[in-house]
Amino acid sequence: MSNNYFVREQISHHDIFMRRCLELAATAGGLVAPNPLVGAVLVCDGRIVGEGWHKSYGAPHAEPEAITSLINTDLLPRCTLYVNLEPCNHYGKTPPCTEQIIAAQIPRVVVACTDPFPEVNGTGIERLRKAGIEVETGILQAEARALNKFFFTYHEKKRPYIILKWAESADGFIDADRDENSPPTRISNELTRIIAHRWRSQIQAIMVGTNTVIRDNPQLTLRGVEGRNPLRLTLDRKARLDPNRKIFDAQAETIIFVGHGQSKIYGERTECVEVCFDENLEESILQTLYKRRIQSLMIEGGTKLIESFISKGFWDEARVFKSRILLTAGVKAPQVEGLRKSEENIGDNKLIIYKNPKTENELLNEKN
Ligand code: AOF
Ligand code: ZN
């Protein structure tokens, strides 16, 4: 058998086992934030003999889970450990995974990507190599980074991953011309409503602008889906919003960004954060969220707020529902120039997903 054949076989096996790590990791979706989704498998003589994943925030990490799942521990010195994130090297809620891998006498570790968490950041791989363990990195790197896009964006860009979301008519309006006393214009269908609520369950914070609070009076909570309400955010420069708006109804934690000296009590579970309403407003908002360990933000309108984030390059993904309704006049939908990643029919509506080409490229490719 030629050497080449052997190498090719090894590579494809690497992919298969790493894919299994990603699959295991993903089963904890929505349960581990702000930690990343991590899965690990132990392979002996080409077969998976142990599996583990990080099941919930504060729970053991994937690697010790895989190690303890092994029935015959005599196999450990013959195993390769696959894991989609560099093993941690710090004392957090659990001891470092590196120490546990070394103690288990595992001779080879295959990693998808390094951990940008400041306390790890390459030191996990270094520690393993120093202990004489053979470490290979970069296997399914782009897939692994995409799986944990919130986590990587947060640590590398020091801001949450930003999703823009809106529904627009066939002729490009998000609302008809109407006064604030008439009900919001229904643009998308019932199915898209359920999808949008599921998205809310997957992110940590949700934001709308002042005008949207006035005109649409959204509640921004989850309805019809399981999960935790995201942190609600809005802007109120002069603190003039009516405290009876639904966003202040104490159903979820809420932050109102107000101008300096404008803090006041809007209601229970609401908090004012004073910011400068200048050209750095978006940066100030993102900085506040970074400090509060918010890794994902969905901006649901209106056009002015969404376009202000787009103009600064502060967006990663836009999820747009396009309906067949014609409004002929009204509030223009945001203009976004991005990579058109996918298009899907949701009943008589279309869901179009755009990605910011710059941040997508940075996300999928590790720097070093
Ligand atoms: C791993 N394996 O399965 C996970 C890792 O608060 P702690 O102690 O759970 O540590 C959280 C950090 O550990 C997290 O920010 C990330 O850097 C890493 N997560 N590492 O080796 C795992 N979930
Ligand atoms: Zn760990």
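Which residue lies over the face of phenylalanine 152? The views below come from a predicted model, and the first one gives the answer.

**View 1. Two basic side chains sit over aromatic faces.** Arginine 145 is the residue to look for on phenylalanine 152: the arginine lies over the ring face, 4.7 Å from the ring centre. Elsewhere in the model, lysine 55 does a similar job of covering tryptophan 53, lying over its face at 4.4 Å from the ring centre.

**View 2. Phenylalanine 17 and tyrosine 82 make a tilted aromatic pair.** The count of aromatic pairs comes to six, and here is one of them: the ring centres are 5.2 Å apart, with 55 degrees between the planes. Follow the backbone away from each ring and you end up in distant parts of the chain, since phenylalanine 17 belongs to helix α1 (residues 3-26) and tyrosine 82 to strand β3 (residues 80-83), 65 residues apart. Phenylalanine 17 has a relative accessibility of 8%, so it counts as buried. Tyrosine 82 counts as buried too, because its relative accessibility is 4%.

**View 3. Tryptophan 199 and phenylalanine 321 make a stacked pair.** This time the centres are 5.4 Å apart and the planes differ by 10 degrees. Again the pair links distant parts of the chain: tryptophan 199 comes from helix α7 (residues 190-202), phenylalanine 321 from strand β13 (residues 317-322), and 122 residues separate them. Both tryptophan 199 and phenylalanine 321 are buried.

**View 4. A zinc ion (ligand 2) is held by histidine and cysteine donors.** Pick out ND1 of His61 and the SG atoms of Cys88 and Cys97, which coordinate the zinc ion at 2.0 to 2.2 Å. In sequence, the donor residues are spaced H-x26-C-x8-C. The four donor atoms around the metal subtend angles of 96 to 119 degrees, so the arrangement is tetrahedral. For comparison, the ideal angle for four tetrahedral donors is 109.5 degrees. Cysteine 88 has a relative accessible area of 5%, so it is buried. Cysteine 97 is at 1% relative accessibility and therefore counts as buried as well.

**View 5. Nine strands build an open, mixed sheet.** Reading across, the order is β11-β10-β9-β8-β12-β6-β13-β16-β15. Strands β11 (270-274) and β15 (339-346) are the edges, each pairing on one side only. From one strand to the next, the twist averages 20 degrees. Zoom in on β9 (residues 231-235) and β10 (residues 254-258) and you'll find them paired in the parallel sense over four bridges. Within this part of the sheet, leucine 235 stands opposite phenylalanine 257 in β10.

**View 6. Two cis peptide bonds turn up in loops.** Most peptide bonds are trans, which makes these worth a look. Alanine 33 and proline 34 are joined by a cis bond with omega of about 5 degrees, and proline 34 sits in the loop between α1 and β1 (39-44). The other cis bond joins glycine 301 and glycine 302, with omega about -5 degrees; glycine 302 is in the loop between β12 (296-299) and α10 (303-311).

**View 7. Alanine 250 and arginine 293 have positive phi values.** Most residues other than glycine have a negative phi. Alanine 250, in the loop between β9 and β10, has phi near 65 degrees. Its relative accessibility is 22%, so alanine 250 counts as partly exposed. Arginine 293 lies in the loop between α9 (281-291) and β12, with phi near 60 degrees. Arginine 293 is also partly exposed, at a relative accessible area of 46%.

Definitions and conventions
Residues are numbered from 1 along each chain as its sequence is written. Chains are lettered from A and ligands numbered from 1 in the order in which they are written. This is a predicted model: local features need pLDDT of at least 70, side-chain atom pairs count only at pLDDT 80 or more; totals for chains, interfaces and linings use all residues. Side-chain values use heavy atoms; hydrogens and water are left out. Rings of Phe, Tyr and Trp (its six-membered ring) pair if their centres lie within 6.5 Å; planes under 30 degrees apart count as stacked, over 60 as edge-to-face and the rest as tilted. Buried means under 20% relative accessible area, exposed over 50%, partly exposed in between (1.4 Å probe, protein chains only). A charge sits over a ring if NZ of Lys or CZ of Arg is within 6 Å of the ring centre and within 35 degrees of the ring normal. Donors are N, O and S atoms within 2.8 Å of the metal (3.2 Å for Na, K and Ca); water is not among the atoms, so sites may look incomplete. Four donors count as tetrahedral if all angles lie between 85 and 135 degrees; four count as square planar and six as octahedral if opposite donors are over 155 degrees apart and all others between 65 and 115; anything else is irregular. Two strands pair if DSSP finds at least two bridges between them. Axes are lines fitted to C-alpha atoms, for helices over the stretch in contact, and angles run from 0 to 180 degrees between N-to-C directions.
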